[in-house]
Amino acid sequence: MSKNVVETPVPSARRIAGFSCYQGFAFALFYMGANKGLAFGTFVLERADLLCTLLCALATLLAMIRFPQAADRVLESDAALATCAFMLMAGAFVPSFVIPSPLLGLVTEGVLVGVPTATLLGAWGRVLGLSSPRVAACEIFASTAIAGAVCFAASAFGPGAVSLLTVAFPAASVGMLLVTGAGRTSPSGEGPRPPHASETAQAGTSRHARMLSRRMLAGALLYGVSAGFMEAYRSDPGTLATPTLPATLLILALFCVAVLQSLLASKTHEKNPLGHTYRIVLLVTMAGFLFAPVLQNSGVPGEAIVLAGFLGLTATYLALFIAASTLAGIDSSHMFRRGFAALYAGEALGIVVSNAFDCLPFADWAAYATLASAGLATLISYLFLFTEADFKELSAVVDAVDPMQAMHAAIVESAKLSERESEVLALALKGRTNERIARELCIAKSTADTHLRRIYAKAKVHSRQELLDYGEKLVR
């Protein structure tokens with residue numbers, strides 16, 4: 001019998017496949033299409049399509065935050081999730097071919113894409129939260145790398161391949177959500193997801209977790225502003241939305257693979273690899289800002305590096321939202337809603353302000369003003385809002401072992417349990433009955449009862465609930 005009978009969670013291929021389809025759809029639709037402008041007299045609003053989509057997604061997220069019970073019912077409905085897939089596929093084509101009015105077409109596209117995008121984001125937040133924070137981080141970076149690689153390959157085959165992705169990705173993503181039960185059950189069918197922490201644990205951490213979450217949301221808002229500035233940078237209405245996207249996707253995929261290797265390597269388990277990721281992605285982003293004018297005519301211009309940094313930072317924030325929900329003891333879907341509401345609000349604001357720069361009499365300076373403002377927003381967020389110290393604290397949750405494993409190890413060490421008692425404890429913490437513990441360890445039920453009594457005596461508790469409370473106290 002192995003000394004450690006607590007299974008170590010591993011990334012799920014189904015979750016990675018499904019979320020990579022979600023990420024791939026976002027890349028294909030938002031960055032691989034054309035810059036759709038909306039004319040108001042002599043002024044043309046750039047990236048009006050993305051702005052409408054962001055506003056609709058933001059409105060949906062705010063509604064889900066305001067009415068969480070109704071939102072949860074939607075996320076638990078297979079019919080609602082299937083409807084989201086049809087809306088996304090329709091949103092990629094219907095406004096262009098059916099609706100002649102540009103404004104009405106953009107609004108229709110915003111509704112058909114923004115509403116289901118936000119809804120599926122909440123659903124994927126719940127499903128990814130089934131894993132421990134560290135495993136969820138691996139799944140997120142693996143999905144982002146796959147999505148970036150697939151979209152990079154599709155960009156070589158022209159608009160037809162991109163159109164195929166915008167149809168196939170939503171269907172595949174929702175299909176995987178339906179297979180996993182959209183968060184109602186774990187992918188292995190083990191039943192409802194257990195809460196992250198007991199009420200006692202939540203009471204001890206809620207105030208600090210709220211403060212940390214506020215700073216993280218403030219940072220996400222300002223990072224969104226910076227990203228919004230770059231959405232309209234060096235792209236004109238009617239041209240490609242992101243001319244440098246192939247280089248961006250290649251950099252992003254390579255970056256995510258490097259992060260994934262760091263997260264999976266056992267030798268870095270206690271070395272805060274996600275914390276290093278945060279520093280590296282900011283360094284890459286700021287380097288792109290600094291060298292953008294110099295690299296303008298190169299094969300990998302500065303804005304491609306900046307956008308890769310932002311997309312990598314978004315993936316990093318996804319992992320942090322899981323960690324923050326674990327720390328606060330709430331469903332990760334709720335944290336996803338709040339986090340992306342802040343990110344999308346900032347991005348929409350950045351697009352509006354970037355367009356406002358184009359109206360200034362100093363048109364020649366508009367591009368440089370946009371670039372400088374984006375870099376300044378990123379720097380302010382890093383230095384004053386969601387700082388590296390805050391990031392390290394949250395990333396420590398990501399890098400930690402599974403909570404049940406931590407509880408098991410703490411009780412074994414504190415109560416000085418024997419090897420056999422450690423094995424019995426591991427199964428007891430997983431909710432096994434005495435009869436099942438006896439069967440799994442191939443011992444008599446009376447022997448299992450005796451081991452549990454000795455565990456209770458050494459831990460100075462009288463029931464399993466008291467044992468759980470004792471373990472949570474030790475972990476805290």
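**Group meeting: aromatic pairs and a helix crossing**

Hi everyone. A search of the whole structure turns up 8 aromatic pairs. Let me start with one of them: the ring centres of F19 and Y22 are 5.8 Å apart and the planes sit at 10 degrees, so this pair is stacked. Before I go on, please keep in mind that this is a predicted model.

Where does that pair sit in the fold? F19 and Y22 both belong to helix 1, residues 13-31, and because they are 3 residues apart there, about one helical turn separates them. Are these two rings buried or exposed? F19 has a relative accessible area of 0%, so F19 is buried. Y22 comes out at 8%, and Y22 is buried as well.

There is also an aromatic cluster to show you. Its members are Y223, Y317, F321, F336, F340 and Y344. Hold on to F336, F340 and Y344, please, as these names come back in a moment.

Now to the helices. Helix 6 covers residues 102-128 and helix 13 covers residues 332-358; their axes come within 7 Å and cross at roughly 140 degrees. How should we describe that angle? Angles over 145 degrees would count as roughly antiparallel, and 65 to 115 as roughly perpendicular; helix 6 and helix 13 are therefore oblique to each other. As for handedness, the crossing of helix 6 and helix 13 is right-handed.

Which residues make the contact? From helix 6 we have T117, L121, G122, G125, R126 and L128. Helix 13 brings S332, S333, F336, F340 and Y344, and here are those aromatic names again: F336, F340 and Y344 are among the members of the cluster. Sorted by class, the contact between helix 6 and helix 13 holds 5 nonpolar, 5 polar and 1 charged residues.

I'd like to pick out S333 from that list. S333 lies in helix 13, and with a relative accessible area of 0% S333 is buried. What does S333 touch, leaving aside residues up to four places away in sequence? The answer is L75, G122, G125 and R126. Of these, G122, G125 and R126 are also among the helix 6 residues in the contact with helix 13.

One last stop, in helix 14, residues 366-385, where we find L371. L371 has a relative accessibility of 7%, so L371 counts as buried. In sequence, L371 and L290 are 81 residues apart, yet the C-alpha to C-alpha distance is 9.2 Å.

That's my tour. Thanks for listening, and I'm happy to take questions!

Conventions. Residues are numbered from 1 along each chain as its sequence is written. This is a predicted model: local features need pLDDT of at least 70, side-chain atom pairs count only at pLDDT 80 or more; totals for chains, interfaces and linings use all residues. Side-chain values use heavy atoms; hydrogens and water are left out. Axes are lines fitted to C-alpha atoms, for helices over the stretch in contact, and angles run from 0 to 180 degrees between N-to-C directions. Helices (H or I, at least four residues) and strands (E, at least two) are DSSP runs, numbered from the N terminus. Angles under 35 degrees count as roughly parallel, over 145 as roughly antiparallel, 65 to 115 as roughly perpendicular and the rest as oblique. A crossing is left-handed if the near helix is turned anticlockwise from the far one by less than a right angle, and right-handed if clockwise. Contact means heavy atoms within 4.5 Å. Ala, Val, Leu, Ile, Met, Phe, Trp, Tyr, Cys and Pro count as nonpolar, Asp, Glu, Lys and Arg as charged, and the others, Gly among them, as polar. Buried means under 20% relative accessible area, exposed over 50%, partly exposed in between (1.4 Å probe, protein chains only). Rings of Phe, Tyr and Trp (its six-membered ring) pair if their centres lie within 6.5 Å; planes under 30 degrees apart count as stacked, over 60 as edge-to-face and the rest as tilted.
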